[in-house]
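Welcome! Please take a look at the structure shown here, and then let us walk through it together.

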Amino acid sequence: MPVIITPQLNQHSEPVQFDGTVTVAGLSLSSRMTASGPAQLGFTGATCPVYAASSTLSTGTTGAVYLCAMYLPANTTLSSMYFNVTTAGTNTHNLLGIYSTAGALLASCTDLGVISTTGLKQGTLTSQLVIPSSGMYWAAYCSVASVTTVVSGSGMPATLLAGSGVTAANLPFAINGTATTALATTITPSSNTATNALPIWIGVS
Amino acid sequence: MPAQVYVPPVNETTAAFQFDSSVVMSGNSLSSEQSSAQPASLGFAAATMNPLYTSSITTGATGTVYLNSMMLPAGMVISNLYMVSLTIPGTVTQGLLGIYNAAGTLVASAAGLGAFTTGLKQAPLTTPYTVPSSGMYWGALAVSWATTAPTFAGAAPGAGIIGGVPTLSITVTPFATNGTQASSLAASITLASNVDSTLAFWIGAN
């Protein structure tokens, strides 16, 4: 059972800063932090390290809602979501949103509509989202397309997507149903499936 | 909101800690670095690399023992090792998984998988292993095959950088080969015989 450290004072949510060398499990965590991460590119968080998002992922079945895990600290304020299109295909709707692990759509972006160009796409949340508690959330992406939209993501093998002993409701990468013009206000996480799931790169800020 | 400088209560501890606020380290956001899925998200207590960094790599000579570093915390109990077999163009006759410590001693091993198919391969350790002290261990993998080399999940770093800085001892190189084994992993290996490997295999543990 982890010891929960509340920095300095109880009930404070100030960021914590370490300026010394930090070693975890015998390995220098400080050395890991010397490499640039999502923050250096302006992202508060991302579903996949930027430097691991070197694969092109075809979003397959039109309207499939792809869920990609993102771990965020409490009180983080989010205004935008991002993904990167490498082949635009022929699409009519591109939907982005954030689901809680209970399956509630906490925030969603205005439909990006038709995307006919490649590159980084930004969706604006209709209302800013303040993360209520630290933990896992799903960034959701859905493309309604007659010709598949291809996006950036990790090239990790599909065999690993289901992990070991991970329940459907806890899958970091999953598909949950389909959408047409808007993401469902709720999903049933136990209906998640890792089959055909994709580790899509989705950033937030 | 200004960050508070956190002073850990003790310099050395094996207690597990949990941080729920934003964490900045060396001026870089650890929270954003931690925002993507980690091995634990997929049910693995440890792994030789984040699954998100993996792709398909092709094994070298049959039976080659590949050492892949894992940094393990003291007290962790490991009961299973895993590897991901992606394609088997020819045949495979044996798959060996084990853990060597930094002295080159085989501290845990699983029964040989024999001829196996593709997919996530689970290898239960003959005896669960409790990590005695935090630090580097090697997840060892050796696959015997015929005709055409099989492929596995992993990474293929550039040959020029896999050995690290020129002064790095070969005995602590994170990814190396160390001889060949066909039926079982050696009870000990001579770390001075390590050879830097450009094949880094994903091995999971839980």
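What follows is a short tour of the two chains, the strands inside chain B, and the contact between the chains.

## The two chains

Please keep in mind that this is a predicted model. Let us begin with chain A. Its secondary structure comes to 1 helix and 15 strands. The C-alpha atoms of chain A fill a box of roughly 55 × 35 × 30 Å, taken along the principal axes. For 205 residues, a compact globule would have a radius of gyration near 17 Å, and the 18 Å of chain A agrees with that.

Turning to chain B, you will find 1 helix and 17 strands. Its C-alpha atoms, again along the principal axes, fill a box of roughly 60 × 35 × 30 Å. With 206 residues, the value for a compact globule would be near 17 Å, and chain B, having a radius of gyration of 18 Å, agrees with it.

## An open sheet in chain B

Which strands make up the open sheet of chain B? Six strands take part, in the order β10-β9-β12-β7-β14-β15, with antiparallel pairing. At the edges stand β10 (106-109) and β15 (195-196) of chain B; each has a single partner strand, so one side of each is left without a neighbour in the sheet.

Within this sheet, strand β9 (residues 91-100) of chain B is joined to strand β12 (residues 135-146) of chain B by 9 bridges, and the two run antiparallel. If you would like a place to look, find Gly98(B), which stands opposite Ala140(B) in β12(B). As background, strands of a sheet pair through backbone hydrogen bonds, either parallel or antiparallel.

## The partners of β8(B)

Strand β8(B) is a good one to follow by eye. The table lists partner strands of β8(B), with a pair of facing residues for each.

| Partner of β8(B) | Bridges and direction | Residues that stand opposite |
|---|---|---|
| β11(B) | 8 bridges, antiparallel | Ser85(B) and Gly119(B) |
| β17(B), residues 203-205 | 3 bridges, antiparallel | Met83(B) and Ile203(B) |
| β13(B), residues 151-155 | 2 bridges, antiparallel | Ser85(B) and Phe152(B) |

Ser85(B) is worth finding in the viewer: it stands opposite Gly119(B) in β11(B), and it also stands opposite Phe152(B) in β13(B).

## Where the chains meet

How many residues does each chain bring to the contact? Chain B gives 52 residues and chain A gives 56 residues. The area buried between the two chains is about 4,900 Å², and carbon and sulfur atoms give 62% of it.

Between chain B and chain A there are 12 residue pairs in polar contact, with both residues at pLDDT 80 or more. On the side of chain B that touches chain A, the elements that give two or more residues include β1 (4-5), β7 (64-72), β8 (77-87) and β11 (119-130) of chain B. The element that gives the most to this side is α1(B), with 4 residues. By kind, the residues on this side of chain B divide into 29 nonpolar, 21 polar and 2 charged. As for salt bridges between chain B and chain A, the count is 0.

Strand pairing also links the chains. Strand β2 (residues 16-18) of chain A is joined to β3(B) by 3 bridges, and these strands run parallel. To see this in the model, start from Gln17(A), whose bridge partner in β3(B) is Val24(B).

Terms used:
Residues are numbered from 1 along each chain as its sequence is written. Chains are lettered from A and ligands numbered from 1 in the order in which they are written. This is a predicted model: local features need pLDDT of at least 70, side-chain atom pairs count only at pLDDT 80 or more; totals for chains, interfaces and linings use all residues. Side-chain values use heavy atoms; hydrogens and water are left out. Contact means heavy atoms within 4.5 Å. Buried area is the accessible area (1.4 Å probe) that two parts lose on being put together, summed over both. A salt bridge is a side-chain nitrogen of Lys or Arg within 4 Å of a carboxyl oxygen of Asp or Glu. A polar contact is a pair of N or O atoms within 3.5 Å; within protein, one must be able to donate a hydrogen and the other to accept it, and residues adjacent in sequence count only if both atoms are side-chain atoms. Ala, Val, Leu, Ile, Met, Phe, Trp, Tyr, Cys and Pro count as nonpolar, Asp, Glu, Lys and Arg as charged, and the others, Gly among them, as polar. Two strands pair if DSSP finds at least two bridges between them. The radius of gyration is taken over C-alpha atoms; the globule rule is 2.2 Å times the number of residues to the power 0.38.
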